[in-house]
Amino acid sequence: MSRIKEAFAKGKAFIPFITCGDPDLETTGRLVRAAADNGADLIELGIPFSDPTAEGPVIQGANIRALAGGITTDKVFDFVKELRKDVSVPLVFMTYANVVFSYGADAFISTCKEIGIDGLILPDLPFEEKDEFGPLCKQCGVDLISLIAPTSKQRIAMIAKEADGFLYIVSSLGVTGARSEITTDLSSIVKVVRENTDIPCAIGFGISTTEQAEKMAGIADGVIVGSAIIKIMEKYGREAAKPVGEYVKSMKAAVAH
């Protein structure tokens with residue numbers, strides 16, 4: 001059983017997102033460990049990119065700060081290699097197709113395998129173009145995780161049938177960022193997913209409160225939170241590990257409720 005499958009096999013999963021290198025990799029390491037120690041079932045690591053089209057202002061800001069601090073893909077790879085010495089939770093990279101292309105898809109994906117990355121999320125990769133990376137990912141045992149948006153409509157079944165790892169269900173139209181309420185009919189999206197695959201699905205984009213997390217966990221197999229964690233980062237900087245750990249603990253408790 002892959003590590004990603006295991007993460008969902010234990011019940012509802014809580015998945016925090018952390019941008020690598022904001023404000024520096026030492027801090028990122030402390031955040032990842034705090035999240036893992038406080039119940040994160042799987043952790044998404046963002047590789048910064050200069051034009052993160054799916055991101056709202058909060059995560060864009062984290063990308064800008066990390067890049068200004070001199071973060072590179074190679075530095076992130078070295079960081080994960082180090083992290084894997086004591087962190088066993090599943091780790092997936094979230095970045096953009098351009099980052100993989102410019103590094104060289106072969107080299108990027110085989111390095112993911114070497115350093116213990118379990119999956120790859122590329123929000124700007126259209127489903128129709130996933131063969132660009134899919135076969136390479138399969139070869140290396142790295143799950144290429146597909147996204148389903150409220151606009152996917154009749155494509156939901158098709159995306160679900162070919163899914164690997166878990167399905168990332170985008171809760172709302174637009175970019176990432178906390179929302180006061182989520183109005184998308186997510187239950188009907190999840191129903192179509194369930195009819196076409198037994199791969200777990202997690203809902204992300206816009207979730208920030210324990211109430212939202214509990215509600216989304218009632219619909220799907222897991223909940224993904226990014227912007228709310230980056231906001232804690234912005235507030236506490238290098239001292240963010242403890243408050244992020246506390247936040248993860250409260251969200252995990254809500255999801256498992």
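Is D41 buried or exposed? That was my opening query today, and I put it to a predicted model.

**Entry 1: D41**

I found D41 in the loop that runs between α2 (25–37) and β2 (43–46). Its relative accessible area comes out at 8%. Buried means under 20%, so D41 is buried. Next I asked what the side chain of D41 reaches. The answer is the backbone nitrogen of F14, at 2.7 Å. I then listed the contacts of D41, leaving aside neighbours within four places in sequence. A7, K10, K12, A13 and F14 are on that list, and so are V89, P90 and K252.

**Entry 2: N63**

My second residue was N63, which sits in helix α3 (residues 57–68). N63 is buried too, with a relative accessible area of 5%. Which residues does N63 touch, if those up to four places away in sequence are not counted? I noted T19, I47, P48, F49 and P52. For F49 I also have a polar detail: a polar atom of the N63 side chain lies 2.8 Å from the backbone nitrogen of F49. I looked up C20 as well, which is 43 residues from N63 along the chain. The C-alpha atoms of N63 and C20 are separated by 8.4 Å.

**Entry 3: α4 and α6**

Then I turned to a helix pair, α4 (residues 73–83) and α6 (residues 105–115). Their axes come within 9 Å and cross at roughly 20°. Angles under 35 degrees count as roughly parallel, and α4 and α6 are therefore roughly parallel to each other. Which residues make the contact? From α4 I wrote down T73, F77, V80 and K81; from α6, F108, T111, C112 and I115. I recorded the crossing of α4 past α6 as right-handed.

**Entry 4: α9**

Last came helix α9, residues 186–196. Which of its residues are buried? I have L186, I189, V190 and V193 down as buried. Seen down the axis of α9, the buried residues fall within an arc of 95°, so they line one face of the helix. The spacing is a friendly reminder of the textbook rule: an α-helix has 3.6 residues a turn, so residues three or four places apart point the same way. On the other side of α9 I found K191 and E195 exposed.

What covers the buried residues of α9? The cover includes the strands β6 (147–148), β7 (167–170) and β8 (201–204). It also includes the helices α8 (156–161) and α10 (210–219).

Note on methods:
Residues numbered from 1 in each chain as written. Predicted model: local features only at pLDDT ≥ 70, side-chain atom pairs only at ≥ 80, totals over all residues. Heavy atoms only, no water. Buried < 20%, exposed > 50% of the residue type's maximum accessible area, 1.4 Å probe, protein only. Helix = DSSP H or I, 4+ residues; strand = E, 2+ residues; numbered from the N terminus. Arc of directions from axis to C-beta. Contact = heavy atoms within 4.5 Å. Polar contact = N/O pair within 3.5 Å; in protein donor to acceptor, adjacent residues only side chain to side chain. Axes fitted to C-alpha atoms, helices over the stretch in contact; angles between N-to-C directions. Parallel < 35°, antiparallel > 145°, perpendicular 65-115°, else oblique. Left-handed = near helix turned anticlockwise from the far one by under 90°.
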